[in-house]
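Hi,

Here is the structure I promised to pass on. Have a look at it first, and my notes follow below.

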Amino acid sequence: MASDWRDLEELSADLADFYRDLHQHPELSLQEHRTAGRVAEALGSAGFEVTERVGGTGVVGVLRKGDGPVVMLRADFDALPVEEKTGLPYASSARATDAEGREVPVMHACGHDMHATCLVGAATLLARAADSWSGTLLVVFQPAEELARGARDMVEDGLFQRFPKPDIVLGQHVGPLPAGFIGHAGGPLMAAADSASVVLHGRGGHGSRPEATVDPVLMAAHVVTRLQGIVAREVPPAEAAVVTVGRLQAGTKDNIIPDTAELGINVRSYSPQVRTRVMEAIERIIHAECTAGAAPEPPEITWTHSAPLLVSDPEATTATVAAFAAHFGQQRLLPMPLVAASEDVGVFGEAAGVPTVFWFWGGLDAETAMAALSSGNTDSLPSNHSPHFAPVIEPTLSTGVQTLVVAARTWLAGTAAP
């Protein structure tokens, strides 16, 4: 292992440049063409068999080194429609056209540029040290995680038919923890996520004559308020769920009652039973409100994006975390609570029928983050999806590379856990 980390020291400057380049050139989900090209070039230079355009813009690298397990390492690389406010010299000023045809700012506000860079680094180190392990390394760079569809797109494009089927799936996410620290938990780790697009139909008219209209704005207001009662009154206290209305759009002018109102609803849950109950309650409330409001047409409810509950396999997580403790020291490991955010990485393990192990690692200045944690003032820390979120390059980068290498070596044949 010592030679691996000497190689990491040699690679660190190039990896930092690679990261800054990705950060300055973010691309929206399903538009990650430049990013995919950079990743494919790096994998090819490291000696991997490289295939591009898997499930859209996904990139797959394969490195075969004799008999042994197939170990899959995964990173995502799409960005968000967020205007960066970090003030960094390599901050993004990119803009792009989204799926609705709107021009939007683009930023790597969730750290996917760091994910991709760390996997490029880990793949390079593992390729250089290939004489010390046996098996097959499958590295998967996934698009469109922010739409909760990239993993499914790659699977449906034949990921596990066209490439070696893994025996284990390993992945990680950078977050608002102190840089250099690793967060872990076995079992349910991140919530299932479901999104609905809703259209409420009314009958428009002049704002001075509401009696001649059916007001969809009023219906939408009642729906938003009523939805807040689902978690409070229909989810058992021992369970957890979140219902958020993140989008409400209606009308063009203050004195015109519009024909329609649109809502975007997001649900987070931790069990199939609660997930079903909440989704059914949302539909029931919307239909009932439209009936109460004398809507001329039934509402349109379309469930769009969906990500399953992410479960980090308990047994495999225990083995992987033990390897982290041996390498980093127990003092750098932090137990994680359930996370209400979601990830579609679990689709890979489910589709392959194998364990998934997933962990977090810190990206914030350690002194600042530890002070906030000790004072209980964690709301002051920039979190993922914030326009102020940008991991410090070191030790975030070197830690993220090492976690992937250590985890991969734990499961590859012919090598002892570090």
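Which strands and which helix do the buried residues of H9 pack against? Before the answer, some housekeeping: this is a predicted model, where local features need pLDDT of at least 70, side-chain atom pairs count only at pLDDT 80 or more, and totals for chains, interfaces and linings use all residues. Residues are numbered from 1 along each chain as its sequence is written, and side-chain values use heavy atoms, with hydrogens and water left out.

Now the answer: they pack against strands S7 (168-178), S8 (182-184), S16 (310-312), S17 (333-335) and S18 (356-364), plus helix H12 (393-411). Helices (H or I, at least four residues) and strands (E, at least two) are DSSP runs, numbered from the N terminus. The buried residues of H9 (buried is under 20% relative accessible area, 1.4 Å probe, protein chains only) include Ala316, Thr320 and Phe324.

H9 covers residues 314-328, and its end C-alpha atoms are 20 Å apart, which agrees with the 21 Å that 15 residues should span at 1.5 Å a residue (1.5 Å times one less than the number of residues). Right after H9 comes Gly329, with a positive phi near 100°.

H9 and H12 pack at about 125°, their axes 9 Å apart (lines fitted to C-alpha atoms over the stretch in contact, with angles from 0 to 180 degrees between N-to-C directions). That makes H9 oblique to H12 (neither under 35, over 145, nor 65 to 115 degrees). Among the residues making the contact (heavy atoms within 4.5 Å) are Ala323 and His327 of H9 and Val406 and Trp411 of H12.

Cheers

Definitions and conventions. Buried means under 20% relative accessible area, exposed over 50%, partly exposed in between (1.4 Å probe, protein chains only).
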